[in-house]
Amino acid sequence: MRISVVGSGYVGLVAAACFAELGHDVVSIDNDAEKIGRLQQGEVPIHEQHLPELLARHRNKKLTFSTDLAGAVRQSTAIFIAVGTPATNEGDADLSYVESVSRAIALGINDYKIVVEKSTVPVFTSNWIRKVMLLDGAPADLFDVASNPEFLREGTAVVDFLYPDRIVTGADTARCADVLRQIYLPLTDGSYYRRGDRVAVPAPKNWPGAARIIATTTKSAEIIKHASNAFLATKISFINAVANICESVGADVKEVCEGIGSDSRIGNRFLSPGVGYGGSCFPKDLKAFRHVARENGYDFTLLSSVISINEEQRARFLRKVRTALWTLKGKKIAVLGLAFKGGTDDIRESPAIEIVKSLLKEGCEIRAYDPAANDRAREVLPSQGISCYESAYDAIKGADALVILTDWSEFAELDLDRVRATLTYPIVVDGRNLYDPAVMATYGFLYYSVGRPDVQPARRIEKSEKITAAVTGKVE
Ligand code: UGA
């Protein structure tokens, strides 16, 4: 099948590369000529596992890059819209890019095509796309609009695409549903997985051998996307609220999570408390879903609570850092993690960035390290008071405390003796619960995490008497 994917951001680029991997002929379109030029030359603009291999494998063969939207549309049977839908000040999604792309697609409709929303959009968007395309002269019988939401997580997007829990295809005509079914056939009939060595990424454990497709109406598909993200974010805010209660009573949220999550009706995933959710999806999608509900006469107060718990979580974490350090002004703080989660260079709505900004406002000196997001973070953080380093140990050297803000796996595998020896004071405030408190105590740390009791060093502290005194309240 000939496919165009409009928008070469996190979603569009992964989708384009993966469609090519499934054997389709794909054109990735963007109006940013410089970006297209870089993609043509072999550059990979985002940090995403397996994406470089996929691009290298299919570039100039099954996958080409272009700025010519109308030309690509004319040659394609399916056009996926994967452009940005940023939030407006009112919290709803700004669909102006979707609208202008839809109008441009209308001009290229010369035989039957399907236009598929891949960007996260509110319910009724498919109706709007159809309306504007008709207004721009696309013949009614030559196109259908579908919704095919993606459930990719940044950092594992390629694996999520090729080995999905489910594929949701929302279409309102049998013809349109059939084109979507054909596109995903290699995944749903399992033929892709039987290619053996020729699959780009090996199957995850317990992979059933074929992907499940759920065919719905377009409106249901649009709601499925928003409701999925809203539910996942609700789980996170729920466990953060539970973690806060655990802190008040001295319980351990990790034990509590095990107890809750082992109920198969609940499940143990997305129950990690921390500094709150961030990223380009949850914060924006929750507000957009709440907005859609309101517009349609329903006040979705649950989502308002999810959002406010999430915002409060960052403020609580800052208070934790203050508790650990007493005064903040002039303190040197090593910060590990700037991206909104591990495995990505994306800093959009990153709790880490907000927390760093607040620490800078309090007069702290920040020594930051992120394996992938240093450069992007530099663009949005003030230039004064912060230095970014090329390794965790460089950032930690000579700092008064270590603050962990992103769950990169390398941060969970630090050489604790080395950290202890290089920090001026053995204080670790862990916003991602990467370490076992008992282990941290044996390594000689004052360790603060989320929803678990703080621990004191199990052995003598050499340099931190002053801080211990502050923490225990025995200040002269
Ligand atoms: C999310 C969804 O997981 C994807 O299914 C969806 O396709 C995507 O949004 C989207 O709409 O495009 P993503 O934003 O890449 O994916 O990241 P997640 O792994 O879901 O994490 C989101 C945030 O929640 C991160 O800040 C993460 O650190 C946080 N989180 C996640 C927690 O605080 N606790 C958890 O247990 C899980």
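**Exercise 1. Classify I366 as buried or exposed, and place it in the fold.**

Step 1. The relative accessibility of I366 is 1%, so I366 counts as buried; buried means under 20% relative accessible area, exposed over 50%, and partly exposed in between, with a 1.4 Å probe and protein chains only. The model is predicted: local features need pLDDT of at least 70, side-chain atom pairs count only at pLDDT 80 or more, and totals for chains, interfaces and linings use all residues. Residues are numbered from 1 along each chain as its sequence is written, and side-chain values use heavy atoms, with hydrogens and water left out.

Step 2. I366 belongs to strand β10 (residues 365-369). Helices (H or I, at least four residues) and strands (E, at least two) are DSSP runs, numbered from the N terminus.

Step 3. Leaving aside residues up to four places away in sequence, I366 touches I333, V335, V356, L359, L360, G385, I386 and S387. A contact here means heavy atoms within 4.5 Å.

Step 4. From I366 to T85 the C-alpha distance is 33 Å, with the two positions 281 residues apart in sequence.

**Exercise 2. Describe the aromatic pair formed by F19 and F161.**

Step 1. Rings of Phe, Tyr and Trp (its six-membered ring) pair if their centres lie within 6.5 Å; planes under 30 degrees apart are stacked, over 60 edge-to-face, and the rest tilted. By this rule there are 13 aromatic pairs.

Step 2. For F19 and F161 the centres are 5.3 Å apart and the planes make an angle of 85°, which is edge-to-face.

Step 3. The pair links distant parts of the chain, 142 residues apart: F19 is in helix α1 (residues 10-21) and F161 in helix α7 (residues 157-162).

Step 4. Both F19 and F161 are buried. Ring pairs also join F19, F80, F161 and Y184 into a cluster.

**Exercise 3. Find the class of F238 and of D178 by relative accessibility.**

Step 1. F238 is in helix α9 (residues 218-249). Its relative accessibility is 47%, so F238 is partly exposed.

Step 2. D178 sits in helix α8 (residues 174-188) and, at a relative accessible area of 33%, is partly exposed.

Step 3. The C-alpha atoms of F238 and G91 are 22 Å apart, at a sequence separation of 147 residues. For D178 and A215, 37 residues apart along the chain, the C-alpha separation is 9.9 Å.

**Exercise 4. Locate E349 and N433, which have a positive phi although neither is a glycine.**

Step 1. E349 has a phi of about 50° and lies in the loop between β9 (332-336) and α13 (351-361). With 47% relative accessibility, E349 is partly exposed.

Step 2. N433 also has a phi of about 50°; its loop runs between β13 (427-430) and α17 (437-442).

**Exercise 5. Summarise the chain as a whole.**

Step 1. The chain has 18 helices and 14 strands. Its radius of gyration is 24 Å, close to the 23 Å of the globule rule for 476 residues, so the chain is as compact as a globular protein of that length. The radius is taken over C-alpha atoms, and the rule is 2.2 Å times the number of residues to the power 0.38.

Step 2. Along the principal axes, the C-alpha atoms fill a box of roughly 80 × 50 × 45 Å.

Step 3. Of the 476 residues, 54% are buried. Among contacts between residues at least 6 apart in sequence, 71% join residues at least 24 apart.
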